[in-house]
Amino acid sequence: MITIGLDIGSVAAKGVLLGLGSPLTALRPTGWSPREAGKALIDELLAQAGLDRPEIAAIVATGYGRVAVEDVDKTVTEITCHGRGLAALLPEVRTIIDIGGQDSKVIKLNERGKVIDFAMNDKCAAGTGRFLQVMASALEMDVSELGEAELPDELVPINSMCTVFAESEIISLLAQNKSTGGIIAGLHQSVARRVAAMANKLGVTKPVAFTGGVALNAGVRRALSAELNAPLLLPDNCQFTGALGAALLAREVVG
Ligand code: ADP
C-alpha cells in the first residue's frame, strides 16, 4: 500500500511517501501558501516514485498549514503525527523534544508509543527555529552554518529573552568585539534553556529524542543535552518525523 504524509510547517513543508522500499522524502519552504506547498510536495513525491495520484491509497496532512491543503484524505494534529513517527523509528523513546520554525513541543510517550502528555510553546519566537533564523541573519550567516560555527569554550551569555531585544544585544556584542562563535554558543544555550524549562515542567523521562529542523544544529543538540543532563537520540531524517507519522497514519485511514 502506498501512502503519503505531509507536514506543512510554518517554515518548511515536508512530505514522505511510504510503500516502495525506502521512504521517499521531499522538502520545500512553505512560503506564503500552505496550499501550494502541499500540492508541490505531492507532485514532487509522485514524480520521484513515477506514480500517478490514483495509485496513492491515502494522504494524511499535519502541521499548522494542514487544513489548507487540497486532495488529502484526513488531517491529524502534529502531536499525534510526531508521536506516531518517532515511535516507529525509536520505540524505546519516552520523551520527544521537537523544535521547529515557530514552535517547540515536548511530547511524552508510553511503552506502547501512545502520546500520554505534551506541552507546546507557540506564543513566542524565543526557543524556536525562528529565533535562530533572525540571529543568523543579524550575524550575516545562514541558519545551517550556526552549529559548526559555535565556540562553546568562549560562550557569551545572551541575556535578552525576547527575539527583538536579543537581536539588538548581539549587534552590540559584535560592536564590543566579542567572538562570533561565543555569541552563537550563547544563542544555542538561550534556546536550550527555554526548551529545557518547558520540558522539565512537564517531566522528562529517558530516553529522550530530539526532532524538528533545529535538531539539525549540532550546537543546539549539545546545549540541550547539557541543560537536560540527558543524551539526546537523533532519529534519521529528524525533520521528517511528523510527515512520517502522517504517512503511517494514512495506512490506517485505508484500514
Ligand atoms: P516547521 O515544521 O515549524 O516549519 P521545521 O521542523 O521544519 O519547522 O524546522 C524549521 C527550522 O529548522 C528553521 O527555522 C531553522 O531554524 C532550522 N533548520 C532548518 N534547516 C536547518 C539546517 N540545515 N541546519 C540547522 N537548522 C536548520
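The legends below describe close-up views of a predicted model.

**View 1. The shell of residues around the ligand.**
The ligand is surrounded by 18 residues, and the closest of these are V11, A12, K14, Q133 and Q239. Sorted by type, the residues of this shell comprise 5 nonpolar, 11 polar and 2 charged. Two elements, β2 (12-18) and α3 (129-138), each contribute at least two residues to the shell. Helix α3 gives the largest share, with 3 residues. Among the pockets of the protein, the largest is the space that the ligand takes.

**View 2. Contacts to oxygen atoms of the ligand.**
The side chain of Q239 has an N or O atom 2.8 Å from an oxygen atom of the ligand. Two other residues approach through the backbone. For S10, a backbone N or O atom is 3.2 Å from a ligand oxygen atom. For V214, the corresponding distance from a backbone N or O atom to an oxygen atom of the ligand is 3.4 Å. Taken on its own, the ligand has 580 Å² of accessible area, and the protein covers 85% of this area.

**View 3. The open sheet that contains β1 to β5.**
Five strands, in the order β3-β2-β1-β4-β5, make up an open sheet with mixed pairing. The edges are held by β3 (24-29) and β5 (74-75); each has a single partner strand, so one side of each has no neighbour in the sheet. Within this sheet, β1 (residues 3-8) is antiparallel to β2, and the two are paired over 6 bridges. At one position of this pair, T3 is opposite L18 in β2.

**View 4. The hairpin of β2 and β3.**
Strands β2 and β3 run antiparallel and are joined by 6 bridges. One of the paired positions is L17, whose bridge partner in β3 is L24. Between the two strands of the hairpin there are 5 residues, and G19 has a positive phi near 120°. Strand β2 also appears in the first view, as one of the elements that supply at least two residues of the shell around the ligand.

**View 5. The open sheet that contains β6 to β10.**
This open sheet has 5 strands, arranged as β8-β7-β6-β9-β10, and its pairing is mixed. Strands β8 and β10 (232-233) are at the edges and pair on one side only.

**View 6. The hairpin of β7 and β8.**
Strand β7 (residues 104-109) pairs with strand β8 (residues 115-121) over 6 bridges, in the antiparallel sense. Residue S104 has N121 in β8 as its bridge partner. Another residue, I107, is bridged to F118 in β8. The hairpin has 5 residues between its strands, and G113 adopts a positive phi near 80°.

**View 7. The peptide bond between K206 and P207.**
The bond that joins K206 to P207 is a cis peptide bond, with omega at about -5°. Residue P207 is located in the loop that runs between α6 (180-202) and β9 (208-211). Strand β9 takes its place between β6 and β10 in the sheet order β8-β7-β6-β9-β10.

**View 8. The backbone at D71.**
Residue D71 is not a glycine, yet its phi is positive, near 70°. D71 is placed in the loop between β4 (58-62) and β5. In the order β3-β2-β1-β4-β5, strands β4 and β5 stand side by side in the open sheet.

Definitions and conventions. Residues numbered from 1 in each chain as written. Heavy atoms only, no water. Near = heavy atom within 4 Å. Polar contact = N/O pair within 3.5 Å; in protein donor to acceptor, adjacent residues only side chain to side chain. Areas by Shrake-Rupley, 256 points an atom, 1.4 Å probe, with all protein chains shown as cover. 1 Å grid on protein atoms, 1.4 Å probe; cavity = no way out; pocket = protein on both sides within 12 Å on 5 of 7 lines; lining within 4 Å. Sits in = over half its atoms within 2 Å of the grid points. Helix = DSSP H or I, 4+ residues; strand = E, 2+ residues; numbered from the N terminus. Nonpolar A, V, L, I, M, F, W, Y, C, P; charged D, E, K, R; others polar. Pairing = 2+ DSSP bridges.
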